[in-house]
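User: Please examine the model shown here and answer a few questions on its sheet, its helix packing and its nonpolar core.

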Amino acid sequence: MRKFLIVSAMLSVVVSTAAIAQQKGSAVQYRWHDAHGLLHYSDSLSADAMANGYDIVDSRGIVVRHVERQLTVEERAAAEKQAAIAAAKKQAEDEQRRNDDQMLAAYPNEPDLVSMQKDELNSIDQQISTTRKSLATQEQALADLLGRAGELERTKQPVPKYLNDRIATQRGVVGSQRALLERLQQSYVNTQLRQEGQLSRYRELKKQIAGDDPGH
């Protein structure tokens, strides 16, 4: 694919050059500097001209067009990398600008934003409380099953398969509830950190707006 693009680009240069030649006549020449800085003129392109870049000049010596030198594989890769970095940076800046605009539109003043943040934390806190209660219930159920199995073992009786299966299932339920509780607790901490940054950004934007508005 890359080879195809390079060939296509070279064909475009040739076609474009031919068009210029038709317009200006046979007086069109190529001018370039070699690796030593020496100036060259020719009515045909050389590998040196392609490697260093060249000018297309008319009979009066006026530059009709400049063609940049071909990039090496390493230079092309570096250029593509820089272009990707620049594109990612612009995308992040555009997204930040959209988020800023949405936040300012949704919360005209700071108390509105703070109220929303408290509601968000309260919602997570309620989920944590509900999960803790559920976990306690499931842990008690597991303890009861283990107690029954323990009584059977103390009386030298075999533990039925169904009881072992229920214990295994209940252990899975308890493990899931504990994992959920940990995720919610981490979500609470992450939300607090995000909200701190959000509030700081909000204040910064409001300060900028106040500075731009002399009558504020």
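User: In which order do the four strands of the open sheet lie?

Analyst: This is a predicted model in which local features need pLDDT of at least 70, side-chain atom pairs count only at pLDDT 80 or more, and totals for chains, interfaces and linings use all residues. Residues are numbered from 1 along each chain as its sequence is written, and side-chain values use heavy atoms, without hydrogens and water. Strands are DSSP runs of E with at least two residues, helices runs of H or I with at least four, numbered from the N terminus; two strands pair if DSSP finds at least two bridges between them. The pairing is antiparallel, and the order is β2-β1-β3-β4.

User: Which residue in β3 stands opposite Gln29?

Analyst: Strands β1 (residues 29-33) and β3 (residues 54-57) pair in the antiparallel sense over three bridges. Opposite Gln29 in β3 stands Val57.

User: How are α3 and α5 oriented to each other, roughly parallel or roughly perpendicular?

Analyst: Helix α3 (residues 73-106) and helix α5 (residues 161-212) pack at about 80°, with axes 11 Å apart. Axes are lines fitted to C-alpha atoms, for helices over the stretch in contact, and angles run from 0 to 180 degrees between N-to-C directions. Angles of 65 to 115 degrees count as roughly perpendicular. Therefore α3 and α5 are roughly perpendicular.

User: Which element gives the most to the largest nonpolar core?

Analyst: Such a core joins buried (under 20% relative accessible area, 1.4 Å probe, protein chains only) Ala, Val, Leu, Ile, Met, Phe, Trp, Tyr and Cys residues through side-chain atoms within 4.5 Å. The largest has 11 residues, including Ile124, Leu145 and Leu184. Two or more residues come from each of α4 (110-154) and α5. The most, six residues, come from α4.

Conventions. Angles under 35 degrees count as roughly parallel, over 145 as roughly antiparallel, 65 to 115 as roughly perpendicular and the rest as oblique. Buried means under 20% relative accessible area, exposed over 50%, partly exposed in between (1.4 Å probe, protein chains only).
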